[in-house]
Structures are given as C-alpha cells and as structure tokens.
Amino acid sequence: MASVIVDGETSPALLSTGTWYIAMAPGASPKGLVPQRDCLANVDVFGRPVPCARFMGGRVYENIVGGSEVDEAALRAVMRKGTAGLPVFLDTQGLCPGLNGGVPVLGETAEEKAAIGLLYVALMTSACLDLVHADDQLLIEGPAAGNALLCGLIAALRPGLVVVENNCNAVTLGAARLAFYDRPAPRPRPRQVVTPVLRDDIRRYRELWRGRVTAELAA
C-alpha cells in the first residue's frame with residue numbers, strides 16, 4: 001500500500017466486507033439493477049437510493065482459503081494453468097443464479113487451492129462493482145481492508161483508485177455518526193492507496209473466468 005491520502009469531499013464507491021461483501025455506489029442511478037443477480041437499492045441516511053450488489057465473500061474466503069498462506073507465486077501458478085473457481089460455492093443464488101460451481105482441486109496444491117479462492121473473491125467483488133457501475137474511487141472497509149494481497153488484486157481489476165481506511169469499523173462509526181448527527185463531523189480519516197498486484201495477469205485471467213461463467217450460464 002502506498003501513500004496516505006485524505007478525501008473528505010467525494011463519495012467513493014464502498015465495498016463493505018464481512019460474511020457478505022456488499023458493493024455500494026452512492027450517487028449512481030438504481031435504474032438497470034438486476035434483482036435476479038442479487039442487486040438491490042438500499043437507502044442512505046438522507047433517503048436516497050444506493051445501488052448495491054452482494055455475494056457471500058467472507059464465508060467463501062473462510063471455506064476455501066481459511067488460514068492458508070497465499071503468495072504471488074501460487075497466484076501466478078493458478079493463473080498460468082488457467083484453473084478457475086466458478087460461482088457459486090454456497091447455497092445462494094447471488095451474482096450468477098442457477099450456477100453451482102466449485103473449486104477444482106485435481107492436481108492443485110493446498111496453496112494453489114487457496115489461491116483459487118482468493119482470486120475468486122477478487123473477481124466476484126469486481127463483478128459486483130461493475131453491476132452497480134462503480135467506476136471511480138473505491139473504499140474498502142471491514143476485514144478485507146487488512147488483507148493486502150486481496151486488496152491489491154481488487155485494485156488491479158478496477159479502473160479507478162482503490163483505498164482503505166486504517167482501523168475503521170464502519171458499523172460502529174456509522175452508528176456513532178447517527179447518534180451524534182447534530183454535532184460537527186470529525187476530521188476525515190486518513191486513507192491508504194492500495195498498490196495493484198499482478199495487474200496484467202489477473203486481467204487476462206478475468207477474461208478466461210468471464211468466458212467460462214458465460215458458457216455455464218448459457219448451458
């Protein structure tokens with residue numbers, strides 16, 4: 001992660017992470033959202049619709065990656081082989097309704113299986129952001145914000161700047177801001193720019209993944 005920035009003026013797209021990974025695009029139009037792909041419009045504190053898309057990223061991460069170590073070498077090996085995990089791993093419809101994917105394990109090491117899971121979460125995250133037309137700056141919060149490799153992969157897939165906040169629990173912070181809504185806002189928190197990881201490799205891999213997902217959906 002690179003230089004620290006402060007941006008209190010704009011409303012970047014937000015990736016909230018936990019059991020669910022929820023992509024939000026404040027200011028974007030809710031028109032064109034596809035409910036069948038787990039897209040919906042939530043409402044902000046001012047009553048404005050916020051386009052959202054979601055998938056169970058945190059649960060998938062724990063089920064596939066868990067405590068395994070993933071490094072760039074394992075990621076490169078998986079992408080070089082063209083081994084890809086397809087949606088969905090869990091009993092949810094999510095981004096690709098009707099698909100029942102899984103993790104290919106034949107011939108893969110434990111590290112490579114974990115790398116497939118990490119790549120899957122990054123690709124699904126980027127696909128959710130595409131569905132809500134989040135094309136500008138992205139702010140990642142929650143547990144994934146502390147995963148430098150995952151954030152780097154997401155940054156490599158996105159067209160705009162990706163940032164994370166230090167030590168930020170957005171649920172607690174949001175509740176506090178509502179409780180003290182009439183008080184002056186605190187100084188904007190510092191944000192760190194995420195350095196993209198394996199940009200060219202993962203963008204080629206994304207095209208392979210998209211092709212396989214499209215073929216499965218058409219089958």
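This text leads through the fold, the strand pairing, the nonpolar core and the cysteines of the structure. The model is a predicted one.

The protein is built from six helices and eight strands. Read from the N terminus, these elements follow the order β-β-β-β-β-α-α-α-β-α-β-α-β-α. The chain comprises 219 residues, of which 44% count as buried. Sequence-distant contacts are prominent in the contact map: among contacts between residues at least 6 apart in sequence, 77% link residues at least 24 apart. The surface left exposed amounts to about 11,200 Å², with carbon and sulfur atoms supplying 53% of that area.

Within the run of strands that opens the chain, strand S5 (residues 49-55) offers a convenient point of entry. Five of the seven residues in S5 are buried, so that the strand is mostly covered. Strand S3 (residues 21-24) runs antiparallel to S5 and is joined to it by four bridges. In this pairing, Met24 lies opposite Cys52 of S5. Strand S4 (residues 39-43) is likewise antiparallel to S5, with five bridges between the two. Here Val43 has Pro49 of S5 as its bridge partner. S4 and S5 together make a hairpin in which five residues separate the strands. The turn of this hairpin contains Gly47, whose phi is positive at about 85 degrees.

The interior may be considered next. The largest nonpolar core contains 60 residues, and Leu75 and Ile140 are those with the most contacts inside it. Helix H3 (residues 110-131) supplies the largest share of this core, namely 14 residues. What does Leu75 touch, leaving aside residues up to four places away in sequence? Its contacts are Val70, Ala115, Leu118, Leu119, Leu149, Leu153 and Leu198.

The cysteines remain to be described. How many disulfides does a search of the whole structure find? The search returns zero. A disulfide is a covalent bond between the sulfur atoms of two cysteines. For Cys128, the closest cysteine sulfur belongs to Cys39 and lies 7.0 Å away, which is too far for a bond; the cut-off applied to such a pair is 2.5 Å. Cys128 counts as buried because its relative accessibility is 2%, the limit for that class being under 20%. Cys151 is buried as well, with a relative accessible area of 0%.

How values were computed:
Residues numbered from 1 in each chain as written. Predicted model: local features only at pLDDT ≥ 70, side-chain atom pairs only at ≥ 80, totals over all residues. Heavy atoms only, no water. Core = buried A, V, L, I, M, F, W, Y, C linked by side-chain atoms within 4.5 Å. Buried < 20%, exposed > 50% of the residue type's maximum accessible area, 1.4 Å probe, protein only. Contact = heavy atoms within 4.5 Å. Areas by Shrake-Rupley, 256 points an atom, 1.4 Å probe, with all protein chains shown as cover. Pairing = 2+ DSSP bridges.
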